[in-house]
Amino acid sequence: MNLVRFSPRELTRANTLGLPCVAERFSAPGSLAELQASLIEARERGWPLTLLGGGSNLILPPRLAGLVVQPAMANWWQEEGEEDSVRIHAEAGVNWHELVMALAARDLWGTENLALIPGRCGAAPIQNIGAYGVELADVLEAVEVVHLADGSVSRLSPEACRFGYRDSVFKGAMAGRVVITRLVLRLSRRAQPRLGYGDLASRTGASPTALEVAEAVCAIRREKLPDPAQLGNAGSFFKNPQVTSGLAKRLLAEHPDMPHFPQPDGRIKLAAGWLIDQCGLKGWREGHFGVHDRQALVLVHFGGGSATELLAFADRVAGRVAERFGVELEREPRLARGQAPR
Ligand code: EPU
């Protein structure tokens with residue numbers, strides 16, 4: 001039975017970079033059954049499949065062949081846990097920031113530092129969203145997925161998700177094999193402010209509410225990061241690189257003020273924004289793209305550009321950093337291309 005109708009869809013406004021894109025076919029399933037029906041149909045007809053969330057960490061080509069599926073199930077609910085803990089179930093289509101603010105308003109602790117991150121819940125585990133000293137992995141209890149191969153549903157533990165810095169199994173072994181349908185988060189009723197990152201502590205009182213922390217995070221982000229509704233962008237365009245201690249030592253000898261963060265594995269994480277900034281590229285514009293003038297880690301689209309131009313521009317930025325510091329930058333947003341059925 002064909003439960004879903006597919007029609008072409010203009011996706012220019014469905015990606016925060018504002019890149020022009022037309023999907024050959026599009027479906028926004030509002031239930032698990034509709035999602036499964038879309039996946040079965042794509043598989044039976046041999047259509048390449050692209051999954052779309054909030055489109056905030058994605059680079060779209062001008063045309064996407066096959067079927068684009070944007071899960072639209074958007075309910076969330078609360079379940080009491082043991083002692084002070086509370087379990088939150090959030091479906092893939094729930095807007096992440098709206099959920100965070102609603103939880104903070106209930107004075108539930110755990111996600112408040114992740115306020116104003118664009119996108120939907122279903123995409124959050126893919127890059128293990130993180131900001132101000134907190135990552136999704138810190139509050140995640142489980143991820144529910146549908147397997148593309150047979151439409152079956154399963155629940156993954158945080159260990160099975162293999163979370164790392166801006167990384168997970170959904171970028172690796174499970175890429176193109178599952179659709180994330182639901183998150184289960186564990187939050188706490190007990191106040192546990194994490195204010196150690198940057199100037200967060202100076203913006204909140206001594207014992208803030210979760211909502212006050214979330215609002216302080218929003219204020220910091222608004223000062224530094226461009227609003228995609230006004231200027232196309234995908235947040236940080238590069239990951240912060242992790243280099244050997246030898247390379248970090250050599251760079252620090254020359255630049256003693258370079259931000260650097262030792263990692264448990266002995267490597268040193270550097271700030272890609274600082275490296276780009278030091279190359280004098282903050283505010284640099286070429287054609288339709290530029291380096292944001294308040295945060296060099298963010299590339300912006302002034303309109304009229306394409307994915308190909310953006311990738312060429314990003315290569316030039318990364319090339320300058322490699323030339324000057326000998327550090328390779330890795331792209332953060334993923335490139336969308338219809339995945340052949342497997
Ligand atoms: N810096 C500069 N110039 C710049 C940008 C940064 O000198 O143009 C310096 C800062 O002064 C600071 C250091 O670099 O010493 C780090 O900067 P910041 O605290 O702004 O954080 P970031 O490393 O640039 C990361 C995340 C952000 C997240 C912030 C806050 C990545 C790739 N980015 O940025 O995440 O909001 O920390 O936790 O890890 C995103 O992923 O889209 C994103 C915005």
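These are my notebook entries on the ligand site and a pocket in this structure.

**Basis.** I worked on a predicted model, in which local features need pLDDT of at least 70, side-chain atom pairs count only at pLDDT 80 or more, and totals for chains, interfaces and linings use all residues. Residues are numbered from 1 along each chain as its sequence is written, and side-chain values use heavy atoms, with hydrogens and water left out.

**Ligand shell.** I looked up which residues surround the ligand, counting a residue if one of its heavy atoms lies within 4 Å. There are 21, and Tyr132, Tyr165, Tyr197, Asp277 and Gln295 come nearest. I sorted the shell by class: eleven nonpolar, five polar and five charged. Here Ala, Val, Leu, Ile, Met, Phe, Trp, Tyr, Cys and Pro are nonpolar, Asp, Glu, Lys and Arg are charged, and the others, Gly among them, are polar.

**Source of the shell.** I then checked elements, taken as DSSP runs numbered from the N terminus (helices H or I, at least four residues; strands E, at least two). α5 (210-224), β13 (232-236) and α7 (272-278) each give at least two shell residues. α7 has the largest share, with three.

**Polar contacts.** I searched for N or O pairs within 3.5 Å. The side chain of Tyr197 places an N or O atom 2.7 Å from a ligand oxygen. The side chain of Asp277 does so 2.8 Å from a ligand nitrogen. At Ser236 a backbone N or O atom is 2.8 Å from a ligand oxygen. Alone, the ligand exposes 820 Å², and the protein buries 80% of that (Shrake-Rupley, 1.4 Å probe).

**Second largest pocket.** I looked up its lining, meaning residues with an atom within 4 Å of a pocket grid point. It has 13 residues, with Tyr165, Lys239, Asn240, Gln242 and Arg267 nearest the centre. By class I noted four nonpolar, three polar and six charged.

Notes: A polar contact is a pair of N or O atoms within 3.5 Å; within protein, one must be able to donate a hydrogen and the other to accept it, and residues adjacent in sequence count only if both atoms are side-chain atoms. On a 1 Å grid over the protein atoms alone, a cavity is a set of points where a 1.4 Å probe fits but cannot get out, and a pocket is an open set with protein on both sides within 12 Å along at least five of seven lines; lining residues have an atom within 4 Å of a point.
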